[in-house]
Amino acid sequence: MQTASAAAYRFAGVLFDPERGVERDGRLVPLPAQERRMLEVLLAAGGRVVSKEALVSAVWRGAAVSDTSISRSVYRLRRALAAAGAAN
């Protein structure tokens, strides 16, 4: 799955810049690279379902990854978004 190259996204009251992370009210909530890639892939999908295979290909570059690792990354992403004040 391809992602938009360095496009900024605004959602749930926050601004997401794939290069920097999530920003709300001028406060940057940095995201690790893996979570930034995951969020970019999900936002680029525009509300469409992203398959596990497409997510692994885009975020983990096709490496073998366990369901537990994917779940942890989703958890960390959701926690960071909550810290930024974005709705889950």
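1. Let's start with a salt bridge: the side chains of Arg-20 and Glu-23 pair up, with N to O at 3.5 Å. Keep in mind that this is a predicted model. As for how much of the pair is accessible, Arg-20 comes out partly exposed, at a relative accessible area of 44%. Glu-23 also counts as partly exposed, at 24% relative accessibility. With buried meaning under 20%, Glu-23 therefore falls in the partly exposed class.

2. How many salt bridges does a search of the whole structure find? The search turns up 4. Besides the Arg-20 and Glu-23 pair, two others are worth a look, and they get a point each below.

3. Arg-76 and Glu-35 form a salt bridge through their side chains, at 3.0 Å from N to O. This one links distant parts of the chain: Arg-76 belongs to helix α3, Glu-35 to helix α1, and 41 residues separate them. Are the two partners buried or exposed, or somewhere in between? Arg-76 is partly exposed, with 31% relative accessibility, whereas Glu-35 is buried, at a relative accessible area of just 2%.

4. Glu-35 deserves a bit more attention. Leaving aside residues up to four places away in sequence, which residues does Glu-35 touch? The list is Ser-73, Arg-76 and Leu-77. So a charged side chain that counts as buried, at 2%, has Arg-76 both as a contact and as its salt-bridge partner.

5. Now for the helices themselves. Helix α1 runs over residues 33–44 and helix α3 over residues 67–83; they pack at about 85°, and their axes are 10 Å apart. Roughly perpendicular covers 65 to 115 degrees, so α1 and α3 get that label. On the α1 side, the contact is made by Gln-34, Glu-35, Met-38, Leu-39 and Leu-42. On the α3 side, it involves Ile-70, Ser-73, Val-74, Arg-76, Leu-77 and Leu-81. By class, the contact residues split into 7 nonpolar, 2 polar and 2 charged. Glu-35 and Arg-76 are both on the contact list, and they are also the pair in the 3.0 Å salt bridge.

6. One more item on helix α3: Arg-78 lies in that helix. Arg-78 is partly exposed, its relative accessible area being 45%. How far apart are the C-alpha atoms of Arg-78 and Leu-39? They are separated by 9.7 Å, for residues that are 39 apart along the chain.

7. The other salt bridge to check joins Lys-52 and Asp-67, with the closest N and O atoms 2.5 Å apart. Lys-52 sits in helix α2 (residues 52–59) and Asp-67 in helix α3, so the pair ties together parts that are 15 residues apart in sequence. Both ends are accessible to a degree: Lys-52 is partly exposed at 43%, and Asp-67 is partly exposed at 49%. With exposed meaning over 50%, Asp-67 therefore stays in the partly exposed class.

8. Last, the aromatics. Searching the whole structure gives 1 aromatic pair. Tyr-9 and Phe-16 have ring centres 6.3 Å apart and planes at 25°, so this pair is stacked. The cut-off behind that call is that planes under 30 degrees apart count as stacked. Where do the two residues stand on burial, buried or exposed? Tyr-9 counts as buried at 16% relative accessibility, and Phe-16 is buried too, with a relative accessible area of 0%.

Technical notes. Residues numbered from 1 in each chain as written. Predicted model: local features only at pLDDT ≥ 70, side-chain atom pairs only at ≥ 80, totals over all residues. Heavy atoms only, no water. Axes fitted to C-alpha atoms, helices over the stretch in contact; angles between N-to-C directions. Helix = DSSP H or I, 4+ residues; strand = E, 2+ residues; numbered from the N terminus. Parallel < 35°, antiparallel > 145°, perpendicular 65-115°, else oblique. Contact = heavy atoms within 4.5 Å. Nonpolar A, V, L, I, M, F, W, Y, C, P; charged D, E, K, R; others polar. Phe/Tyr/Trp six-rings, centres within 6.5 Å; stacked < 30°, edge-to-face > 60°. Buried < 20%, exposed > 50% of the residue type's maximum accessible area, 1.4 Å probe, protein only.
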